[in-house]
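This report describes one protein model in terms of its fold elements, surface and side-chain pairs. Please keep the sequence and coordinates at hand while reading.

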Amino acid sequence: MYVKDNPHLEVHKIDCVPSKRPKGSWTNGVKAWERTQGGGSDACVGWFYPPRTRNTNHHRWSPSVRRMVPRKARVVGMVHQEEE
């Protein structure tokens with residue numbers, strides 16, 4: 001996204017996040033680009049939305065898992081003893 005096209009968004013510094021970071025545990029973020037005059041390559045001037053660390057362990061618990069009541073462990077030998 002370009003700064004000129006989005007004047008209402010704040011541009012954060014480019015060094016607000018570490019440059020060498022594990023790619024799996026961080027979001028991508030949205031870079032702020034500045035168009036250069038004369039048709040040269042565009043320059044990155046910062047971040048509109050800086051990368052952040054991903055939320056971890058959020059998928060381990062859900063309402064259905066919390067409501068589940070633990071059952072007594074089955075014992076295979078008990079079924080045959082009751083029938084006799």
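The text below goes from the whole chain to single residues and their contacts.

The model is predicted: local features need pLDDT of at least 70, side-chain atom pairs count only at pLDDT 80 or more, and totals for chains, interfaces and linings use all residues. Residues are numbered from 1 along each chain as its sequence is written, and side-chain values use heavy atoms, with hydrogens and water left out.

**Chain overview**

The protein chain contains two helices and two strands, where helices (H or I, at least four residues) and strands (E, at least two) are DSSP runs numbered from the N terminus. Their order from the N terminus is β-β-α-α. About 7800 Å² of the protein chain is exposed, and 54% of this comes from carbon and sulfur atoms; the areas come from the Shrake-Rupley method with a 1.4 Å probe, and for residues only the protein chains shown count as cover. Of its 84 residues, 12% count as buried. Here buried means under 20% relative accessible area, exposed means over 50%, and partly exposed lies in between (1.4 Å probe, protein chains only). Among contacts between residues at least 6 apart in sequence, 62% join residues at least 24 apart; a contact means heavy atoms within 4.5 Å.

**Accessibility of selected residues**

| Residue | Relative accessible area | Class |
|---|---|---|
| Asn6 | 15% | buried |
| Thr27 | 17% | buried |
| Cys44 | 28% | partly exposed |
| Cys16 | 39% | partly exposed |
| Arg35 | 45% | partly exposed |
| Asp5 | 46% | partly exposed |
| Arg52 | 48% | partly exposed |
| Asp15 | 58% | exposed |

**Charged and aromatic side chains**

The model has one salt bridge, defined as a side-chain nitrogen of Lys or Arg within 4 Å of a carboxyl oxygen of Asp or Glu. It joins Asp5 and Arg35, whose closest N and O atoms are 3.6 Å apart. The partners are 30 residues apart and link distant parts of the chain: Asp5 belongs to the segment before strand 1 (30-34), and Arg35 to the loop between strand 1 and strand 2 (43-49). In general, side chains of opposite charge can pair when their charged atoms come close.

Arg35 also lies over the face of Tyr2, at 3.8 Å from the ring centre. For this, NZ of Lys or CZ of Arg must be within 6 Å of the ring centre and within 35 degrees of the ring normal.

Aromatic pairs number zero. The rule takes rings of Phe, Tyr and Trp (its six-membered ring) with centres within 6.5 Å; planes under 30 degrees apart count as stacked, over 60 as edge-to-face and the rest as tilted.

**Cysteines**

The structure has zero disulfides, a disulfide being a pair of cysteine sulfur atoms within 2.5 Å. Cys16 is partly exposed, and Cys44 is partly exposed at 28%.

**Contacts of the segment before strand 1**

Asn6 sits in the segment before strand 1. Leaving aside residues up to four places away in sequence, Asn6 touches Met1 and Phe48. Asn6 is buried.

Asp15 is placed in that segment before strand 1 as well, but counts as exposed. The C-alpha atoms of Asp15 and Gly46 are 7.9 Å apart, with their positions 31 residues apart along the chain.

Thr27, in the segment before strand 1, is buried. Its contacts, not counting residues up to four places away in sequence, are Pro51, Arg52 and Arg54.

Arg52 is in the loop between strand 2 and helix 1 (63-67). With residues up to four places away in sequence not counted, Arg52 touches Ser25, Trp26 and Thr27. From C-alpha to C-alpha, Arg52 and Ser25 are 8.5 Å apart in space, and they are 27 residues apart in sequence.
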